[in-house]
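Okay, thanks for coming, everyone. I'd like to walk you through one model today, so let me put it up on the screen.

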Amino acid sequence: MSEPAPLRTVTARPSPTRKTAAPRAARVADAAASALPAARERARAASQQRRQRKMEEKRGSILAAALTLFSRYGMHGVSLDAVAELADVSKTNLLYYFPNKEALYLSVLRNLLTQWLQPLHALSAEQAPREALSRYIRTKLAASRDAPEASRLFCLEVIQGAPLLKSTLEGELRELVERKRAVIHAWIEQGVLRPIAPHHLIFSLWAMTQHYADFSVQVQSICGKGLEDPAFFEETAASIEQLVLAGVLP
């Protein structure tokens, strides 16, 4: 009788699929793990941007409400409660942005002064006086049309002696006017502008353009319309241009 054949030991070999699948899964897991902090950082940055945008919007709403009330009643005639109510925020929230009424009032004034002076910043000796002054007149009239409350509040503050804004007037504003006085002198030296006292030209431009905001009720009562009427705006701009340019151009 023949002996049975010896049993053969078979060693299991890993499937090629299993050999490659494990490292691939590890790589995917590593990539996911490394991407997670970057995704979290992007989400955090987006959240901060949304929060910052909301804060800026809320601060802008408070400043706009304060401007409306301060321009009508002055600082002493307005309460923070009234500003908060008009801005649709709580008083506590308002105080987060502005610690007291004086700080809010000063922020409104500085904000409007920055906007009001932007057209003056644009004047340069490289420009032709006719085009530069015409553009300045129309830009200032547009500001009087679009933001009359800002002009009226500034006027009210100056009439009262500018107790909170005087340092700004004697500092930043005076320095800016001195720079523009040099521009006017340069035009005079070039022979493209008649000899004229620069300060008085600037004061006249301010008076002629801001009148339509500060005394809008008077203008409306006499003319029956204001700068919001396109035809009246054009008539006003053309008239001021004619008066100014005929007086200062050679």
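Let me start with a question: is Ala162 buried or exposed? Keep in mind that this is a predicted model. Ala162 has a relative accessibility of 3%, and anything under 20% counts as buried, so Ala162 is buried. What caught my eye is its backbone: phi of Ala162 is near 50°, a positive value in a residue that isn't glycine. As a reminder, most residues other than glycine have a negative phi. As for where we are, Ala162 sits in the loop that links helix 6 to helix 7, which is 166–190. Gly161, just after helix 6, has a positive phi as well, about 95°.

There's another residue of this kind to show you. Asp88 isn't a glycine either, and its phi is positive, near 60°. You'll find Asp88 in the loop between helix 2, residues 80–87, and helix 3, residues 91–97. Asp88 has a relative accessible area of 71%, and the cut-off for exposed is over 50%, so Asp88 counts as exposed. So we have a buried alanine in one loop and an exposed aspartate in another.

Okay, let's zoom out. The protein has 10 helices and zero strands, so if you read along the sequence you just get α-α-α-α-α-α-α-α-α-α. Of its 250 residues, 33% count as buried. And if you take the contacts with a separation of 6 or more, 70% of them are between residues 24 or more positions apart.

Now back to helix 6, because I want to spend some time there. Helix 6 runs over residues 148–159, so 12 residues. From first C-alpha to last it reaches 17 Å, close to the 16 Å expected at 1.5 Å a residue. Which residues of helix 6 are buried? They are Ala150, Ser151, Leu153, Phe154 and Glu157. Looking down the axis of helix 6, those buried residues fall within an arc of 165°, so they line one face of the helix.

And what does helix 6 meet in helix 4? On the helix 4 side, we have Tyr105, Val108, Leu109, Leu112, Leu113 and Trp116, and they meet Ala150, Leu153, Phe154 and Glu157 of helix 6. Helix 4 is residues 101–121, and the two helices pack at an angle of about 115° with their axes 10 Å apart. The crossing of helix 4 past helix 6 is left-handed.

Glu149 in the same stretch gives us a link to helix 1. The C-alpha atoms of Ala64 and Glu149 are separated by 9.9 Å, although the two residues are 85 apart along the chain. Ala64 lies in helix 1, residues 16–73, and at 44% relative accessibility Ala64 counts as partly exposed.

One more glutamate, this time in helix 10, residues 230–248: that's Glu241. At 14% relative accessibility, Glu241 counts as buried. Leaving out residues up to four places away in sequence, Glu241 touches Ser134, Ile137, Arg138 and Ala246.

Last thing, cysteines. How many disulfides does the structure hold? Zero. Cys155 is partly exposed at 25% relative accessibility, and Cys223 is partly exposed too, with a relative accessible area of 39%.

Right, that's my tour. Happy to rotate the model if anyone wants another look.

Notes: Residues numbered from 1 in each chain as written. Predicted model: local features only at pLDDT ≥ 70, side-chain atom pairs only at ≥ 80, totals over all residues. Heavy atoms only, no water. Disulfide = S-S within 2.5 Å. Buried < 20%, exposed > 50% of the residue type's maximum accessible area, 1.4 Å probe, protein only. Helix = DSSP H or I, 4+ residues; strand = E, 2+ residues; numbered from the N terminus. Expected span 1.5 Å × (residues − 1). Arc of directions from axis to C-beta. Axes fitted to C-alpha atoms, helices over the stretch in contact; angles between N-to-C directions. Left-handed = near helix turned anticlockwise from the far one by under 90°. Contact = heavy atoms within 4.5 Å.
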